[in-house]
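Here is a short report on the pockets of one protein. Keep the structure in view as you read.

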Amino acid sequence: MISAVDLRAGNTFEKDGKLIKVLEASHHKPGKGNTVMRMKLKDLRSGSTVETTMRPDEKVKKAHIDTKAVQYLYIQDDMAVFMDLETYEQYEIPVSVIEHELNYLLDNMEVSIQFYDTEVVGVSLPSSVVLTVAETQPSIKGATVSGSGKPATMETGLVVNVPDFIEVGDKLEINTSEGNYMKRAK
């Protein structure tokens, strides 16, 4: 058992038969009343997110999550298919559960999937990925990095705000936790 005050972003716990991942957690002391933990939580089985508060001394059962290196293959009938790199065993994850992560996945990309016992519950992405710009407005001559930017649609369908000098076909490094442009890839 773990106290709510000890939960951090990335931790996973069980509550009321649900497997829940902490997306954000902050300690909040209102002017009057007791201290609470404000949290943004994601149900790993349904994919739904909720913002809630918990008492700091509230106890939850910490869930042990294992990871395994796999290769992303394709999407078929609302299921994303991954293959174990050692045994060639294939795993299917509902698209609704990993909708956010699919914005960063390319065919044959190596990632890690997360297991709770034998149940596949999610995908761990690298901190950044390289994606190609599929569509954007024409570049502006003399544009610099400090401009306000423009939207660009990446090859996976992700829309990112990029500097004005970026063109279709450019390879960009994208931060997977924030979903923003970092730099041009070499």
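Strand S5 gives the most to the lining of the second largest pocket, with 5 residues. The model is predicted. About 240 Å³ of space lies in this second largest pocket. Its lining has 14 residues, and those nearest the centre are Lys18, Ile20, Leu41, Val50 and Thr52. Four elements give two or more residues each to this lining: strand S2 (12-15), S3, strand S4 (36-43) and strand S5 (49-54). By class, the lining of the second largest pocket splits into 5 nonpolar, 4 polar and 5 charged residues.

Now turn to the largest pocket. Its volume is about 400 Å³. It is lined by 19 residues, and Lys21, His100, Glu101, Leu125 and Thr176 are the closest to its centre. Strand S3 (18-28), helix H1 (99-102) and strand S11 (119-124) are the elements that give two or more residues to this lining. Which element gives the most to the lining of the largest pocket? The answer is S11, with 4 residues. The lining of the largest pocket holds 8 nonpolar, 7 polar and 4 charged residues.

The table sets out the classes for each pocket lining.

| Pocket | Nonpolar | Polar | Charged |
|---|---|---|---|
| Largest pocket | 8 residues | 7 residues | 4 residues |
| Second largest pocket | 5 residues | 4 residues | 5 residues |

Strand S3 is worth tracing in the structure. S3 gives two or more residues to the lining of the largest pocket, and S3 also gives two or more to the lining of the second largest pocket.

Key: Residues are numbered from 1 along each chain as its sequence is written. This is a predicted model: local features need pLDDT of at least 70, side-chain atom pairs count only at pLDDT 80 or more; totals for chains, interfaces and linings use all residues. Side-chain values use heavy atoms; hydrogens and water are left out. On a 1 Å grid over the protein atoms alone, a cavity is a set of points where a 1.4 Å probe fits but cannot get out, and a pocket is an open set with protein on both sides within 12 Å along at least five of seven lines; lining residues have an atom within 4 Å of a point. Grid points are joined across faces, edges and corners, and a volume is the space filled by probe spheres set on the points. Ala, Val, Leu, Ile, Met, Phe, Trp, Tyr, Cys and Pro count as nonpolar, Asp, Glu, Lys and Arg as charged, and the others, Gly among them, as polar.
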